[in-house]
Amino acid sequence: MAKGKNTLAALTLGAGITAAGAAQAAESKVLLLVTSAAPQVQGMAMVLGNAMQQQGSEVNVLLCDKAGDLAINGYSSALLKPKNVTPEQLMGKLQQGGGKVSVCALYLPNSEYTQADLHEQVEVATPANMAAMMTADDVRVFSF
């Protein structure tokens, strides 16, 4: 009978750990810092962001330097295989799922663009807000 109790205890503990892991995934927050000009790197950042979002994470994206061009109306990069989508299309899917996209505070003043050139749902990040997000205990930061 002791063996049965141990099995039941292990199953109960395992279920508790699984439930806790699922709850943690549902509450996780992610910040993707994208600075690369390489379309494959930009695309992979968005692919992973979409995958994290599908797993329950709240996803925020900060675009800096040449990656900021993804946020510009009319900007179009080459299609990426195997799905034949652009990084900006993948970013749009992320936004449709609730993801937030911002350009860094230095992007617009150091480019030929203004805030009027940004896609409708893209914001200009403030250093204070980004610093708070990057240092928050409940946010994981990934750089591309």
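Helices (H or I, at least four residues) and strands (E, at least two) are taken here as DSSP runs, numbered from the N terminus. This is a predicted model, in which local features need pLDDT of at least 70 and side-chain atom pairs count only at pLDDT 80 or more, while totals for chains, interfaces and linings use all residues. Residues are numbered from 1 along each chain as its sequence is written, and side-chain values use heavy atoms, with hydrogens and water left out.

**Whole chain**

Begin with the complete protein in cartoon view, where there are 4 helices and 5 strands, following the pattern α-β-α-β-α-β-β-α-β along the sequence. Colour next by pLDDT, the predictor's confidence in each residue, from 0 to 100; the mean for the protein is 88, and 82% of its residues reach 70 or more. Over residues 7-25 the pLDDT is below 50, and beyond near neighbours in sequence this stretch has 3 contacts in the model (contact means heavy atoms within 4.5 Å). Where pLDDT is low, the predicted coordinates should not be read in detail.

With the surface switched on, the protein exposes about 8900 Å², of which carbon and sulfur atoms supply 58%; accessible areas come from the Shrake-Rupley method with a 1.4 Å probe, and for residues only the protein chains shown count as cover. Of the 144 residues, 33% count as buried, where buried means under 20% relative accessible area, exposed over 50%, and partly exposed in between (1.4 Å probe, protein chains only). Among contacts between residues at least 6 apart in sequence, 69% join residues at least 24 apart.

**The nonpolar core**

Select V34, M46, V61, L62 and L63, which have the most contacts inside the largest nonpolar core, a group of 30 residues. Such a core is a set of buried Ala, Val, Leu, Ile, Met, Phe, Trp, Tyr and Cys residues joined through side-chain atoms within 4.5 Å. Strand 1, helix 2 (39-54), strand 2 (58-63), helix 3 (87-96) and strand 3 (100-103) each supply at least two residues of this core, and the largest share, 5 residues, comes from strand 1. In soluble globular proteins, nonpolar side chains tend to be buried together.

Centre on L62 and show its surroundings: leaving aside neighbours within four places in sequence, L62 is in contact with L31, L32, L33, V34, S102, V103, C104, A125 and M130. From there move to S102, which lies in strand 3 and is buried, with a relative accessible area of 10%. With the same neighbours within four places left aside, S102 is in contact with V61, L62, L63, V122, E123 and A125.

**Along strand 2**

Two polar residues of strand 2 can be selected in turn, E58 and N60. E58 counts as partly exposed at 40% relative accessibility, whereas N60 counts as buried at 9%. Leaving aside neighbours within four places in sequence, E58 is in contact with S28, K29 and V30, and N60 is in contact with V30, L31, L32, K100 and M133. A distance drawn between the C-alpha atoms of E58 and L31, 27 residues apart along the chain, should read 8.6 Å.

**The salt bridge**

K29, one of the contacts of E58, leads to the next stop. A search of the whole structure finds 1 salt bridge, defined as a side-chain nitrogen of Lys or Arg within 4 Å of a carboxyl oxygen of Asp or Glu. K29 forms it with D138, the closest N and O atoms being 3.3 Å apart. The pair links distant parts of the chain, 109 residues apart, with K29 in strand 1 (residues 29-34) and D138 in the loop between helix 4 (127-135) and strand 5 (139-143). Both partners count as partly exposed, K29 at 28% relative accessibility and D138 at 42%.

**A loop and a surface patch**

Select D117, in the loop between strand 3 and strand 4 (122-124), which counts as partly exposed at 27% relative accessibility. Not counting residues up to four places away in sequence, D117 touches A71, I72, N73 and E112; the C-alpha atoms of D117 and I72, 45 residues apart along the chain, are separated by 5.6 Å.

Finish with M44, V47 and L48, which form a nonpolar patch on the surface with about 220 Å² of accessible area together. Patches are made of residues with over 30% relative accessible area and no salt bridge, like charges being joined within 9 Å and nonpolar side chains (Val, Leu, Ile, Met, Phe, Trp, Tyr) within 5 Å. Within this patch, L48 belongs to helix 2 and is partly exposed, with a relative accessible area of 33%.
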